[in-house]
Amino acid sequence: RNFNPNFIDINSSLFLPTFNVNKRPNPQGRGINVKNTSKISRNFDFSLFNRECERILNRKAPNYLFLTWLIGFTEGNGSFIVANRGDLSFVITQDTRDIQVLNMIQSNLGLGKVIKQGKTTSRFVIQDQKGLYLIATLFNQNLVTYSKIKGFNKFLNSLNNYNEKGKIKFYSIDPSNEINTIMPSLQDSWISGFTDSEGCFSTSISSKNTGFNICYDIAQKYLENKYILDYLQKIFNVGKVYSHTSKNTYYYRISGLMDLMKIFPYFENHPLRSKKLKSYILWKNIHSKLLKKEHLNPSLRESLKVLASKVNNTWD
């Protein structure tokens, strides 16, 4: 690969924050005791990434809400890849029908490229040394889920080794002896990004009686990631976390018209950015109609059934 040496000031005294690659949540339990997160958690910190964007790219970094959304979205759809032959890449995969969200990410970051892979899949990809370094400063100490942290640490170690080679050198991101735990809040957009990648808004209207079902779900595989679902239940103060019928899978669910209203303020202040926004808008509209008891009117009930069938089929 060819790189522009003007991007890197090798005499700069700027140091990267450190990350403890050995500290992990307990895989036999929840990983983090959500009852005590207020004592150990800290806010997302993009100060280094912001400085490096201005120094290397000569442009301001995206705003805090976009960056926290991107972290959450990456926790679901992103990958830090270390190929067998040593090549490194950061990839976010999406259905091509929602390629706009990848273009939006590329435009905001000013890094990487969007490519179509096959007829149905598109990817946002960063493979160049400069871009990989900047992405590492963004995600370092800012990831939430255990599985993604584990994958990032492997990527980070390989990136450090890669950056020590060649004429163009980037700063090494060293392991830390400090315990740092990021947990999202209702004041950032992490949950919005996580919902764009992992969440589901669903509703169904019974054909046999006046019953209906409407809910919001987020699922995670593996017990070691369950703590984030427990945490979401804690900060929204509504819903429950269940074991899924699929092995090693858990999901956080909010159901019931009144309980679901508790998440509306968050998504109004931190809107979804993928095509899932269309699902959310339609789903919320159905919620309003159910609240008005339109499902009890036989003629209106049929139209509700049609709307419900479109909630998760909003590609057109």
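This report describes two sheets, the helices packed on them, and several individual residues in a predicted model.

**The sheet of strands 2 to 5**

One open sheet is built from 4 strands in the order 2-3-5-4, with antiparallel pairing. Its edge strands are strand 2 (78-82) and strand 4 (113-117), each of which pairs on one side only. On average, neighbouring strands in this sheet are turned by 30° against each other, direction ignored. Strand 2 and strand 3 (residues 88-95) run antiparallel and are joined by 5 bridges. Val82 has Leu88 as its bridge partner in strand 3.

Helix 4 (residues 99-109) packs on this sheet, where it touches strand 3, strand 4 and strand 5 (121-126). The direction of helix 4 makes about 15° with that of strand 5. Helix 5 (residues 129-139) lies across strand 2, strand 3 and strand 5, and it runs at about 75° to strand 3.

Helix 5 is mostly covered, with 11 of its 11 residues buried. The buried residues include Gln129 and Lys130 as well as Leu132, Ile135 and Phe139. After helix 5 comes Gln141, whose phi is positive, near 70°.

**The sheet of strands 7 to 10**

Another open sheet of 4 strands has the order 7-8-10-9, again with antiparallel pairing. Strand 7 and strand 9 (240-243) stand at its edges; each has a single partner strand, so one side of each is left without a neighbour in the sheet. From one strand to the next, the twist averages 30°. Helix 8 (residues 226-236) packs on the sheet and touches strand 8, strand 9 and strand 10 (249-255). Between the direction of helix 8 and that of strand 10 the angle is about 15°.

Strand 7 (residues 199-205) is mostly covered, as 5 of its 7 residues are buried. It runs antiparallel to strand 8 (residues 212-221), and 7 bridges join the two. Strand 7 and strand 8 form a hairpin, with 6 residues between them. Within this pairing, Thr203 has Ile214 as its bridge partner in strand 8, and Ile205 stands opposite Phe212 in strand 8.

**The nonpolar core**

The largest nonpolar core has 77 residues, and those with the most contacts inside it are Tyr216 and Trp283. Helix 5 gives the most to this core, contributing 7 residues. The core draws at least three residues from each of domain 1 (46-165) and domain 2 (190-311).

Tyr216 is in contact with Trp283, once its neighbours within four places in sequence are left aside. On the same basis, the contacts of Tyr216 also include Ile191, Thr195, Cys200, Phe201, Tyr252, Arg253, Ile254, Leu260, Ile263 and Phe267.

Thr195, one of those partners of Tyr216, is found in helix 7 (residues 190-198). Thr195 counts as buried because its relative accessibility is 0%. Apart from its neighbours within four places in sequence, Thr195 is in contact with Phe201, Tyr216, Ile218, Phe267, Leu272 and Lys276.

**Residues brought together around the hairpin**

Two residues of the C-terminal part of the numbering can be placed relative to the end of strand 7 and what follows. Val306 has its place in helix 12 (residues 298-310), while His295 lies in the loop between helix 11 (276-291) and helix 12. Val306 counts as partly exposed because its relative accessibility is 43%. His295, by contrast, counts as buried because its relative accessibility is 8%.

The table gives the separation of each residue from a partner elsewhere in the sequence.

| Residue pair | Separation in sequence | C-alpha to C-alpha distance |
|---|---|---|
| Val306 and Ile205 | 101 residues | 9.1 Å |
| His295 and Ser206 | 89 residues | 9.6 Å |

Ile205, listed with Val306, is the residue that stands opposite Phe212 in strand 8. Phe212 in turn is among the residues touched by His295. Not counting residues up to four places away in sequence, His295 also touches Thr210, Leu290, Arg301 and Leu304.

Notes
Residues numbered from 1 in each chain as written. Predicted model: local features only at pLDDT ≥ 70, side-chain atom pairs only at ≥ 80, totals over all residues. Heavy atoms only, no water. Buried < 20%, exposed > 50% of the residue type's maximum accessible area, 1.4 Å probe, protein only. Pairing = 2+ DSSP bridges. Contact = heavy atoms within 4.5 Å. Axes fitted to C-alpha atoms, helices over the stretch in contact; angles between N-to-C directions. Core = buried A, V, L, I, M, F, W, Y, C linked by side-chain atoms within 4.5 Å. Domains from an automatic or database assignment.
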